[in-house]
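Hi,

Here is the structure I promised to pass along. Have a look at it first, and then read on for what turned up.

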Amino acid sequence: MSKLSNDKPTACLALADGTFFYGHGFGATGTSVAELCFNTAMTGYQEIMTDPSYAGQIVTFTFPHIGNVGVNPDDDETADPVAAGMVVKWMPTQSSNWRATAELGDWLAARGRIAIGGIDTRRLTRAIRQQGAPHVALEHNPEGTFDLEALVEKARAFSGLEGLDLAKDVTCAQSYRWDEMRWAWPEGYSRQTAPDHKVVAIDYGAKRNILRCLASAGCDVTVLPATATAEEVLAHNPDGVFLSNGPGDPAATGAYAVPMIQTILKETQLPMFGICLGHQMLALALGAKTVKMNHGHHGANHPVKDNETGKVEITSMNHGFAVDSQTLPEGVVETHVSLFDGSNCGIRVADRPVFSVQQHPEASPGPQDSFYLFERFADSMAKAKAVSA
């Protein structure tokens, strides 16, 4: 049990094994049930909470100062928080940042997300690392009364992420165009007015900053829902196809995504680029398999080695499943690996402009170690058009 001040606990985190952590609630009241993961990033809590890849998960932040720079509309990766809840060591203090427009607790409350502070996040993180990502129930009750047995039962009843297709829950309802580019001082976000390439982006849970990076690389981006067919993709006559990040079990999403990708690979020579779940979708389409990880990779300090250049990139990660490199078929090259555990972080097709990475190059942890991937995608489209001209 976590140590608290003499104040009465107003929130409780119950693990499926019967372990309880008591703390002080903030944000919304009520109960949330999900898988628990930890994130080691020192900054970017707003981007993390609004990252669609966190659907079905409550996030424990290992860095204690969460909330101290407030929130602002520019940093949302999607319209509202997607992560099911937040666990922090210290309660958020009053924000101090020139960009802040609201306090974290008020922002969470307005968007129906529960948070708990005053938790021994070191102990909790150790438990996740040793035992794997647990199923949990998080309750915020200002009265401080909890039905502990009921919370544990809710945690145990959670189905888990294996076999769960969450991309359908977070994808766009209909197609749309995107032309906003990366934030830059002092003008902020600007628009792409002279794109060189037409890109169709498949939205499995796309982060806005990925779309901005595509626009900044000279792309005219049309975003399609996760369930888009090959015919719908090709109807836009794209120069390239992008496969976005997203949540859930890649094998479940692959039931409809893989046939689409395989058709495009079979019928065209279009360049293709995938990130995160998009990387896993491409790997499945090429004949590889994915596996559930013990506790996944979540953070902004993950070293990844580019096998082909020897360069080590500091990357942002957010995934609980990984491509099994032992199942990569002939003709598919493993381009990147994690220096934490050797897991696969990138592939390419040997004789085609088709590649993908597990990390998030748009998240700027390096800060610009992996931006070259967007330029590589743009270059591959330019070369493909030059050949067909």
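Let me start with a question: is phenylalanine 273 buried or exposed? Keep in mind that this is a predicted model. The answer is that phenylalanine 273 is buried, because its relative accessible area is 0% and the cut-off for buried is under 20%.

**Aromatic pairs**

That residue is a good way into the aromatic side of things. There are 6 aromatic pairs in the structure. In one of them, the ring centres of phenylalanine 273 and phenylalanine 374 lie 5.7 Å apart with the planes at 80 degrees, so this pair counts as edge-to-face. Phenylalanine 273 belongs to strand E12 (residues 272-275) and phenylalanine 374 to helix H10 (residues 372-388), so the pair ties together parts that are 101 residues apart in sequence. Phenylalanine 374 is buried as well, at 2% relative accessibility.

Phenylalanine 273 also pairs with phenylalanine 377. Here the geometry is tilted, with 5.6 Å from centre to centre and 50 degrees between the planes. Phenylalanine 377 is in helix H10 and phenylalanine 273 in strand E12, so this pair ties together parts 104 residues apart in sequence. As for accessibility, phenylalanine 377 comes out at 0%, which puts it among the buried residues.

If you want to select the whole group in your viewer, Phe242, Phe273, Phe355, Phe374 and Phe377 make up one aromatic cluster.

**Charges over rings**

Two arginines are worth a click too. Arginine 99 has its charged end over the ring of tryptophan 183, at 5.8 Å from the ring centre. Arginine 212 does likewise with tyrosine 189, where the distance to the ring centre is 4.1 Å.

**Cavities**

Now for the empty space. The structure holds 2 cavities of 30 Å³ or more. The largest has a volume of about 120 Å³. It is lined by 15 residues, and those closest to its centre are Ser53, Gly246, Gly248, His319 and Gly320. Helix H9 (277-286) and strand E14 (312-323) are the elements that give two or more residues to this lining. Strand E14 has the largest share, with 4 residues. What does the lining look like by class? For the largest cavity, the split is 6 nonpolar, 9 polar and no charged residues.

The second largest cavity has a volume of about 40 Å³. Its lining consists of Ile314, Thr315, Ser316, His360, Pro361, Pro365, Gly366, Pro367, Gln368, Asp369 and Ser370. By class, that lining has 4 nonpolar, 6 polar and 1 charged residues.

Serine 316, one of the residues lining the second largest cavity, is part of strand E14. With a relative accessible area of 12%, serine 316 is buried. Leaving aside residues up to four places away in sequence, serine 316 touches Gly299, Ala300, Gln359, His360, Ala363 and Pro365. Of those contacts, His360 and Pro365 also appear in the lining of the second largest cavity.

**Backbone oddities**

A few spots in the backbone deserve a look, since most residues other than glycine have a negative phi, and most peptide bonds are trans.

Where are the cis bonds? One cis peptide bond joins tryptophan 185 and proline 186, with omega at about 0 degrees. Proline 186 sits in the loop between strand E8 (176-178) and strand E9 (197-203). Another cis peptide bond joins glycine 366 and proline 367, and there omega is about 10 degrees. Proline 367 is placed in the loop between strand E17 (354-357) and helix H10. Both glycine 366 and proline 367 line the second largest cavity.

On the phi side, asparagine 237 has a positive value of about 50 degrees although it is not a glycine. You will find asparagine 237 in the loop between helix H7 (230-234) and strand E11 (240-243). Asparagine 237 counts as exposed, at 56% relative accessibility. Cysteine 276 also has a positive phi, near 60 degrees. This cysteine lies in the loop between strand E12 and helix H9. Unlike asparagine 237, which is exposed, cysteine 276 counts as buried, at 2% relative accessibility.

Cheers

Definitions and conventions. Residues numbered from 1 in each chain as written. Predicted model: local features only at pLDDT ≥ 70, side-chain atom pairs only at ≥ 80, totals over all residues. Heavy atoms only, no water. 1 Å grid on protein atoms, 1.4 Å probe; cavity = no way out; pocket = protein on both sides within 12 Å on 5 of 7 lines; lining within 4 Å. Points joined across faces, edges and corners; volume = space filled by probe spheres on them. Nonpolar A, V, L, I, M, F, W, Y, C, P; charged D, E, K, R; others polar. Phe/Tyr/Trp six-rings, centres within 6.5 Å; stacked < 30°, edge-to-face > 60°. Buried < 20%, exposed > 50% of the residue type's maximum accessible area, 1.4 Å probe, protein only. Lys NZ or Arg CZ within 6 Å of the ring centre and 35° of its normal. Contact = heavy atoms within 4.5 Å.
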